[in-house]
Structure formats: C-alpha cells, structure tokens
Amino acid sequence: MPKKLLLFVTATILVLSSAACSQDNSDSTETPSNSTGSSEEVDTAVLDPYTPYKETVSFTKGVIKGSENFPEGDSFSNNDYTRYVKEQMNIETKIAWEVDRNNYDQKIALSIASQEIPDMMVVDRKTFKQLIDNDLIWDMTDIYEKTISPFLRKQYDSYGERLFKEVTVDGKLMGIPATNIGYCQNVLWIRKDWLEKLNLEVPKTLDEVLNVAKQFIEKDPGGNGAGKTVGLTTVDTVFSGYNSRFGLDTIFSVFGAYPGSWVNQDGKPVYGSVMSEMKPALTLMRDLYKQGILDKEFAIRKGEDREALLASGQLGMYFGVWWPAGGQTAAVTNNPDADWIAVSAPINEDGKLTTVENDPLAGIVVVSKKFKHPEAIVKALNAGYDSLRGNGEAGAASYEHWNKNSPGMGWGTMPIPIAIDYNNAIEVLLDDLNRALEADDPSLITLKGFTGTFDRIKANRANPKADINMYLEEQARIVGTAAAVDENLELVPAAFFGQTDTMTTKWSNLRKLETEMMIQTIMGERSIEDFDKFVTQWYAIGGQEITNEIAAQMNP
C-alpha cells in the first residue's frame, strides 16, 4: 500500500502494533494485596467519562522500541496525545521500560511470573487467559458502563454482542477490546481495460470468473506473448483468510466450504477445512490447475513474485481486500492504460458471496488489580480518542494541532494504544464521500481526517492517474470499498477465534497436514478420495480434542 494511503487506514485495519506493559515504578500507588479488583473499591466521584482528577493520577506502561513516529523532542510519555490527556483528565503516562519487539512476549511472561504486572497492558487472548487464571486484573464491568464515553460506546455498540463476548469471563468484563473492522473479506480485482478489449462482461458467478481467466490466457489482451499470461494465482496455503490477498477463499465459499475458519453449524463447531464441501471445491481447483487456468507455479511463488505478476501485466485478476495490492499500483505506473475495477464475486447459486464472520478482537486492554484507579485507563482512552478523532470542542482543537504538527502519529502513540472504530467504518466513509463529492462539499464527511481523501479523489477525477496516489485513493475508498460492502455479501456465523490448550502443542502439525493435502490434491499428486483419509487423520491426531474444547467453550 502506498505510504500516503497507509496513513489513512492504519487506525482502522492494522493488527495492534504496540502494547503496554511494565512493573510499577511511578507515582501511582498500589491497593492492598487483598484487593478484589471490583468496582466497589473505585472512587465514585470520578466514575464518569470526563471528570478530571483533582490530584494527578499516573499509570505505567511498557513500549516496543522502534514503533514510534514522533516529532523531535516527543516520546511515548510526552506527545500531543499524552499532553492532551494530562490537560483534560490530569492523567499522566509513564514508561516503565522499552523492549525490542522480539523480546516483548518474554517481558510479558516475566511480569506475569513475578506477579508484578504494570498498571495497564495491551495483550492477546493467550496472555489475557493467563492473567485471569492468576487473578491479576480488574473486573471492568461496572467501570466500563459508567466511564466509557458516548463517542466510543457508539463505536463499540456497532459490533453487537460478539465483540464483548470475547473479553467477558463468567459474566464479567475483564478487559477493554481493540477492534477489527468488518468488510475486509476478499473481493475480485480485475483489469477493466482487458474486459473491454475482449468484449467481456464483468463476471459475477464462478463460471463467469473462470471463463474470463481462460479468455485472458488464450487471447492475451496484455500482449504478453503465448503462455505468459496467468489466469489466477494463489498463496502456497491455497486460502489466506480475512484481511488478505491472493487466497482462493471465495471460490471455496461458493461450495459452502470455509477452510481455516471455525464455523458454527447448528450450535456445534466445525473446522472448515474438514467439511465435506471441500471435496467438490478441491476437485474444481484440481481441474483448473490441470488446464493451466490456475497458476502452475503457485506453490513455489513468494509474495513478491505474485506482486511482480501484477506489476508486469501478466496477471489480470486476483482476489484481495478493498485496497489495491502494491503490484496493482505498479501495473498502473508501468502502463497508464491499465484500469482496475473491484467486484463482489464469485457469487453462489443464491446470488450471495459468503464469508465467515471476522474476528472482531484486535487486542485487549487489561488493568492490574494493584492499580488504585482502573477507571483512569478508560478516561485516558476517552480523551485520547477525542484528540485522535477531533471529538468535542477541545478534541477538535487538539486534532487540528497534532494533525498540523505531528501528522504521522496514530493510535499507537496514544496513552492507551488500541484501535477502535465502527464495525462498518469503511461503509460509513463511502456513503460520506459519495454524498460530499456529489454536492462538492467536504463538510458532509462525518468522520474526521478524510477531507484530504475528498481532495485527492476530486483531483484524480479532474486529471485521472496524473498522480498515482490520488488514483489509488479513489480505487480504495470508492471502487474497492463499494465492492466490499456490496449487498450480496452474506456472513456465515463463526464458532471460535483464538487458541485452545491443545492447539498450543498440536495445531502447527494439523495445519501442515492440511496444507500438504490441499496442494498435493490440486497438483494431482493425491486422489480426491484421499480427502476422507485426511479428515480421519486430522481428527485422530488432535482435531477431535480441539473440536471438543471449542464445543465446551461454546456451551459451558
């Protein structure tokens, strides 16, 4: 993704890049060791979103070295966001330690082992479970209800119950979630100029998609020469999952198969890669490989190889998320006549493109039981996001200041470094942009930070492709997004995200078995009937244990 475009999407779609952890060496004080970590111990005078503290409250966190993007003189403990939170809430951020990314997990493990965790951390599911098992973190149920700002509550509510379900244990909210937005399933990107050159309609069904791929190979609209155009390529695992590129996930879904995902079927968990619907999907892919429509070298290509196929004009369609691949960018740079469109395809016989619900959880904020002011973490989160998104009068002024003086800063440099956005954020922005562009009025954009997007799209429409970044802005925010939020999308209920106990020791071998089966079947090295043997083996070497563990969590 181009650097300029990246600045506008990292706050909503990237996986959490920095987290907080430390031992307490600040001015913050500890509760007695027999603290219950329940809301009865919280000072009710400040148990609301915005009442500032009379005396300064400090909390500690740890940071990952090299993840910052600060102006000279600023730091994780002293930047526009931390200064705003101090000014508005009288809450100070202190850094206990900094570690290299490679040492972060070890530092977290040592903190838990010593029973001396920091005031606030951002953790994954595995660490979250360890903290609960060791009774080290606050129950945030009442604190959240009384302290989260209306601005953030509205965004959290857009996920329904499924987001907070991931951080609720025995009816208690044990952490504050970071979010993964929706609509990052694969769409089909395709060369519109090639379609027009061959008089082909935009494909919708699987048969139509495969016919176009075949026509691209046989009629060579890119002028590559005989045998040099690739119809479809994929990753060396065949499927790639949510928020990814080049996987054949949506071809599998036409058959009702969802490899790599745990699907909820009538209240029971089923791993998509062992579903019976996989057989006809693999049979088709085997035929496509034999015919040369599916790239003969897919199993040995690296990511840069696939991007190079796009850049050189040898690949005229691929599956990917709503923003263009780097190779697609290079393709237009190399050949300004190249024109790409995105389609929500292939659809099944019911006219739907089906995909499994995405994991809505990107990370979890937890608060040490030894910290006297757990509500301060939520209040700091409120204020930080007011500044980041320009919410409220004071937040708007702060937003204008940092956007002018520190434009590279994102949520990762805030006191509480987590991503929060509406589940349908890209759909909201698409509607805003279309309305604003039609009226030529950027004030109609309700989401902060996107007037520049409006300007770049206008500039591209006035002078198409004169600036590649302006062209790509429209490709992502209008063309790709429109396909991603197409009304033909249908979500399949997910059964489980995360890791069970048995997964920690057996999952890598199960995934290896799965990948080998798919590649060997597609390449004709194994009979399609061997799929049933694979399923039996998968269950026998750990799959059944894992399925049982997930079922127990679904139905405690």
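Here's a quick briefing on how this chain is put together, from its two domains down to a handful of individual residues. Keep in mind that the model is predicted. The domain assignment splits the chain into domain 1 (47-181 + 360-413) and domain 2 (187-357 + 492-500 + 517-528). Salt bridges come to 25 by the rule used here, yet the count between domain 1 and domain 2 is zero.

**How the two domains meet**

- Start with the spacing: the centres of domain 1 and domain 2, taken over C-alpha atoms, sit 38 Å apart.
- Contact between them involves six residues of domain 1 and five residues of domain 2.
- Interface size is often quoted as the accessible area that is lost when the parts come together.
- On that score, domain 1 and domain 2 bury about 440 Å² between them, with carbon and sulfur atoms giving 54% of it.
- On the domain 1 side, Arg125, Arg162 and Ile181 lose the most area to domain 2, and together they make up 67% of what that side buries.
- As for polar links, the rule picks out one residue pair in polar contact across the interface of domain 1 and domain 2, both residues being at pLDDT 80 or more.
- Sorted by class, the side of domain 1 that touches domain 2 has four charged residues, two nonpolar ones and no polar ones.
- Even with those four charged residues on the domain 1 side, zero salt bridges are counted between domain 1 and domain 2.

**Salt bridges worth a look**

- Asp135 and Lys369 pair up through their side chains, with an N to O distance of 2.5 Å.
- Asp135 lies in the loop between helix 4 (125-133) and helix 5 (141-147), while Lys369 lies in the loop between strand 13 (361-367) and helix 14 (374-389), so this pair ties together parts that are 234 residues apart in sequence.
- Lys369 has a relative accessibility of 10%, so it counts as buried, the cut-off being under 20%.
- A more local case is Arg435 with Asp432, whose closest N and O atoms are 2.7 Å apart.
- Both belong to helix 16 (residues 425-439), and because they are three residues apart there, about one helical turn separates Arg435 and Asp432.
- The two ends of that bridge sit in contrasting surroundings: Arg435 is partly exposed at 39% relative accessible area, whereas Asp432 is buried at 3%.
- Arg526 also forms a salt bridge, with Asp530, and here the closest N and O atoms are 3.9 Å apart.
- In this case both Arg526 and Asp530 are buried.
- There's a network too: Asp74, Asp80 and Arg83 are joined by salt bridges that share partners.

**Ile91 and its surroundings**

- Ile91 is in strand 2 (residues 91-99).
- With a relative accessibility of 1%, Ile91 counts as buried.
- Setting aside neighbours within four places in sequence, its contacts include Tyr53, Val57, Phe59, Thr82, Val85 and Lys86.
- Further along the chain, Ile91 is also in contact with Ala376, Lys379 and Ala380.
- Ala383 makes a handy long-range marker: 292 residues separate it from Ile91 in sequence, but the C-alpha to C-alpha distance is 10.0 Å.

**Helix 13 and Gln185**

- Helix 13 (residues 326-334) has Gly327, Gln328, Thr329, Ala331 and Val332 as buried residues.
- Those buried residues pack against two helices, helix 12 (303-311) and helix 18 (468-484), and also against strand 7 (187-191), strand 10 (317-320) and strand 11 (340-343).
- Gln185 is in the loop between strand 6 (176-179) and strand 7.
- Despite its place in a loop, Gln185 is buried, at 4% relative accessible area.
- The Gln185 side chain reaches the backbone oxygen of Ala484 at 2.9 Å.
- Beyond four places in sequence, Gln185 touches Ala484 along with Tyr242, Gly320, Val321, Leu353, Thr355 and Leu489.

**Pro280 on helix 11**

- Pro280 is in helix 11 (residues 278-291).
- At a relative accessible area of 39%, Pro280 is partly exposed.
- From Pro280 to Asp100 the separation is 180 residues in sequence and 47 Å in space, C-alpha to C-alpha.

Definitions and conventions. Residues numbered from 1 in each chain as written. Predicted model: local features only at pLDDT ≥ 70, side-chain atom pairs only at ≥ 80, totals over all residues. Heavy atoms only, no water. Domains from an automatic or database assignment. Contact = heavy atoms within 4.5 Å. Buried area = accessible area lost by both parts, 1.4 Å probe. Salt bridge = Lys/Arg side-chain N within 4 Å of Asp/Glu carboxyl O. Polar contact = N/O pair within 3.5 Å; in protein donor to acceptor, adjacent residues only side chain to side chain. Nonpolar A, V, L, I, M, F, W, Y, C, P; charged D, E, K, R; others polar. Helix = DSSP H or I, 4+ residues; strand = E, 2+ residues; numbered from the N terminus. Buried < 20%, exposed > 50% of the residue type's maximum accessible area, 1.4 Å probe, protein only.
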